[in-house]
Amino acid sequence: RTHTQHNTHTIVKQINIMLLPPQIENEYLQHKPPLYDDERYEIGKRMISTVILCVFLIPYVTCDVMKKYKVFQNRRNKAAKAQQEKKAVNVDTKVEKKKGKGKKDAKSNGKNTKGKEEEEEVATTIQEEVEVEVPEEEKVYLPWYAMPFLNTVAFLSIVILSLTTSNNSYASRGIFQTPIFTHDECTRLIKAALVTASRNAASLTDVEKRQVRDKGILEGWHSSRHNKYPTTDLSVIDDAFTMKDRLLVEEKLNDRLVPIVERLYGVVPKALHCSDLFIVRYDANDSSLGQTSLDAHTDSSDISFNILLGSAPSDNAINFEGGGTRFYNRAKSKQVYIDIQPPIGNAIIHTGAILHEGLPITSGTRYILVGFLQFQRTNQISGQYTGLSPFASLLSVDWLSLRSLRVVSFGAEKFTIVGNLLRYWNDVYAPHFHVRLVEQGRMASSKEYREEFLKILDGAAQKVREQLERLKLFKSKQSKKKVDDEDDSVSIWFGKNDPRKVKKMEEEEKKRGNTVNYANSEF
């Protein structure tokens, strides 16, 4: 039983942390990302050591040294003695005055003995009132400015250690390129987008169609989903894509993109949430059919990615020219860093804080799949802690700058300055770099090489799913009840609109004899 419990914990760990398979790490990756767990453990030890050193150890040792060599102690004693002598003179003066007054009162009343006793009693009372306690030799205190100084040193040390983490120096400025989809999968998604656009157009009324034509918008596509930087697009989450298409997108992104993101950014899959997932259309011939480019901008996301799907389906051929993504360095007056034109099926992954733009295409039609990923500390649906590391959130410059900019929407415009300063600091501190995770030469010369890379990722994800099924079976045997997958109601990409949940609801309705369709029919 102990062995079984150990295997159960191992399965849970593998499910929560979908690391890349060893074969991918050793044979395919030409660039090795940092080992986040080991690095965070070492930096965490340094932070704790710094706090112990500045708050406890240094004050204790300093007091011990001061006691041994009587630093500050003689000065304190001399000052106390001088104060005592000064007050002693005042005591003598007051005593003399009281004595003279006592003699006069005694003579006038004829009570000399009683007057003398009163004089002695007054002198004793005044002496007790003005006595100054000399500090004891063993009591040693630090100067008033010592602890604030040490606390400042500890805080600055933690800030410097945080800035040196890979989340700030590596992940925040990295631009990564890797295969995600095959040519056939890209073609299928383009077909699905065209069919979905036709469904959207068919659902419009005559008045809505005239309004769309007057605005010069392609029927069935959206052009106002993003206010500041509009794109001609379709939302994979909200538009009428079939359940089969959504399952394809979810499965391939979960199996291939999520492990790579987890490896590059040190973020567990449960902490990822997709805020937007959409297909963008670029058209060089007619602006009403699609935009030709996109102005320079940053994204309101922790991670952004775009996958080139290609052009209209025609034997996997590239029927467009131009396009791509251009990245800038804001710290150098918008100096162009690099232009990237990935092959079909390849993804460009980067943090949303990097300034970038969509380059214009010169001919044909170009489709890309774009996604925005957010790091969440608590799950938006269940409210449970996701396991997001503080190094990827509270101690990350990009994470803090993005959250400070979001506060502007609540009326706190002053946080815009904070967010922009943090982003500018990152531009100066962490230089850009571009990495092809898979060897470009072999990938370009052999289609099989890329497909083999994707098959290994799919196989590793399938093993995790099989382990999850065994874990559910083990739990059900222990509790003698059927255990459902706890994550069935939560999807990284679709949230509450999880196609797996929709499919499950349809199956339950079929068992009851009902013919309710929760999703669109397949095309």
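Biologist: Let's start with one side chain: does Tyr 367 count as buried or exposed, and why?
Modeller: Buried means under 20% relative accessible area, exposed means over 50%, and partly exposed is in between (1.4 Å probe, protein chains only). Tyr 367 has 2% relative accessibility, so it counts as buried. Keep in mind that this is a predicted model, where local features need pLDDT of at least 70 and side-chain atom pairs count only at pLDDT 80 or more, while totals for chains, interfaces and linings use all residues. Residues are numbered from 1 along each chain as its sequence is written, and side-chain values use heavy atoms, with hydrogens and water left out.

Biologist: Which strand holds Tyr 367, and how many of that strand's residues are buried?
Modeller: Tyr 367 is in strand β11. Helices (H or I, at least four residues) and strands (E, at least two) are DSSP runs, numbered from the N terminus. In β11, 13 of the 15 residues are buried, so to speak mostly under cover.

Biologist: Which strands pair with β11?
Modeller: Two strands pair if DSSP finds at least two bridges between them. β11 (residues 361–375) pairs with β3 in the antiparallel sense over eleven bridges. Strand β5 (residues 303–310) runs antiparallel to β11 too, with seven bridges, and strand β6 (residues 320–322) is joined to β11 antiparallel by three.

Biologist: Which residues could I click on to see those pairings?
Modeller: For β3, try Asp 276, whose bridge partner in β11 is Phe 372, or Leu 272, which is partnered by Phe 375. For β5, Ile 303 has Leu 373 as its partner. For β6, look at Phe 320, opposite Gly 364.

Biologist: What else does β3 pair with, and how many of its residues are buried?
Modeller: Strand β2 (residues 233–235) runs antiparallel to β3, and three bridges join them; Asp 233 stands opposite Val 280. As for cover, eleven of the twelve residues of β3 (residues 272–283) are buried.

Biologist: How do I read a pair of aromatic rings, and how many such pairs are there?
Modeller: You describe a pair by the distance of the centres and the angle of the planes. Rings of Phe, Tyr and Trp (its six-membered ring) pair if their centres lie within 6.5 Å; planes under 30 degrees apart are stacked, over 60 edge-to-face, and the rest tilted. The count here is ten aromatic pairs. One of them is Trp 221 with Tyr 367, which is tilted, with 6.2 Å between centres and 35° between planes. Trp 221 sits in the loop between α9 (206–214) and β2, 146 residues from Tyr 367. Trp 221 counts as buried because its relative accessibility is 6%.

Biologist: Which geometry do Phe 278 and Phe 372 have?
Modeller: Their centres are 5.7 Å apart and their planes stand at 75°, so the pair is edge-to-face. Phe 278 lies in β3 and Phe 372 in β11, so the pair ties together parts 94 residues apart in sequence. Both rings belong to buried residues. Elsewhere, ring pairs link Tyr 170, Phe 176, Tyr 265 and Phe 433 into a cluster.

Biologist: What about helix α8: what span should it have?
Modeller: The expected span is 1.5 Å times one less than the number of residues. The 20 residues of α8 (residues 183–202) should therefore span 28 Å, and the end C-alpha atoms are 29 Å apart, which agrees. Its buried residues include His 183, Leu 189 and Ala 201.
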